[in-house]
Amino acid sequence: MAISDPIADMLTRIRNANTAKHDTVDIPSSKMKKAIADILLSEGYVKSVEIVNDGKFDVIRITLKYGKDKNDKVLSGLRRISKPGLRIYADTDNLPKVLGGFGTAIISTNKGVITDKEARKLNVGGEVLAFIW
């Protein structure tokens, strides 16, 4: 069965693995998912991101990050904003701030998939994919 919203599926897999305190989570690979995973890595929400071939398909293996013990979650929330049924766009003047700047918004722009902070620097708008905090 085909997944109608692969980005929401990715975020849900990460959220579920984080809640269950797993060390890693495997996600079917695509360029968009890889770009989102790289943002999670660069912003410090996950330990590592790697592409692994499981025999038939490439999967993205994300190693989750915790505090001193697994009860201290570094990644406390993920939320899909723009959905296939309702796309949400923001121009440069209306880019969202997540938790007053403590979180990160992931934006799909003509410069690629970037964070809200980078979009402000580059003075571009785009589709608001997700909020992470």
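1. A word on terms to begin with: helices (H or I, at least four residues) and strands (E, at least two) are DSSP runs, numbered from the N terminus. What you see above is a predicted model, in which local features need pLDDT of at least 70, side-chain atom pairs count only at pLDDT 80 or more, and totals for chains, interfaces and linings use all residues. Residues are numbered from 1 along each chain as its sequence is written, and side-chain values use heavy atoms, with hydrogens and water left out.

2. Now the overall layout. The chain has 3 helices and 8 strands, and from the N terminus on these run α-β-α-β-β-β-β-β-β-α-β. Its C-alpha atoms fill a box of roughly 40 × 35 × 25 Å along the principal axes. Of the 133 residues, 41% count as buried (under 20% relative accessible area; exposed is over 50%, partly exposed in between, with a 1.4 Å probe and protein chains only).

3. Helix 3 (residues 116-122) is a good place to start on charge pairs. Asp116 and Arg120 meet there in a salt bridge at 3.4 Å, N to O (a side-chain nitrogen of Lys or Arg within 4 Å of a carboxyl oxygen of Asp or Glu). The two residues are 4 apart in the helix, so about one helical turn separates them. Asp116 is buried at 3% relative accessible area, whereas Arg120 is partly exposed at 32%. By this rule the count comes to 6 salt bridges.

4. Helix 2 (residues 31-42) holds another pair to look at. Asp38 and Lys34 form a salt bridge, with their closest N and O atoms 2.9 Å apart. Being 4 residues apart, they too are separated by about one helical turn. Asp38 is partly exposed at 33% relative accessibility, and Lys34 is partly exposed at 25%.

5. For a link across the sequence, try Glu127 and Arg87, whose closest N and O atoms are 3.0 Å apart in a salt bridge. Glu127 lies in strand 8 (residues 126-132) and Arg87 in the loop between strand 4 (78-80) and strand 5 (89-90), so the pair ties together parts 40 residues apart in sequence. Glu127 is buried at 13%, while Arg87 is partly exposed at 40%.

6. Finally, which side chain of opposite charge is nearest to Lys33? Asp9 is, at 5.0 Å, and Lys33 is buried yet has no salt bridge. Leaving out residues up to four places away in sequence, Lys33 touches Pro6, Met10, Ile27, Pro28 and Ile60 (contact means heavy atoms within 4.5 Å).

Notes
Lys and Arg count as positive and Asp and Glu as negative; His and the chain ends are not counted.
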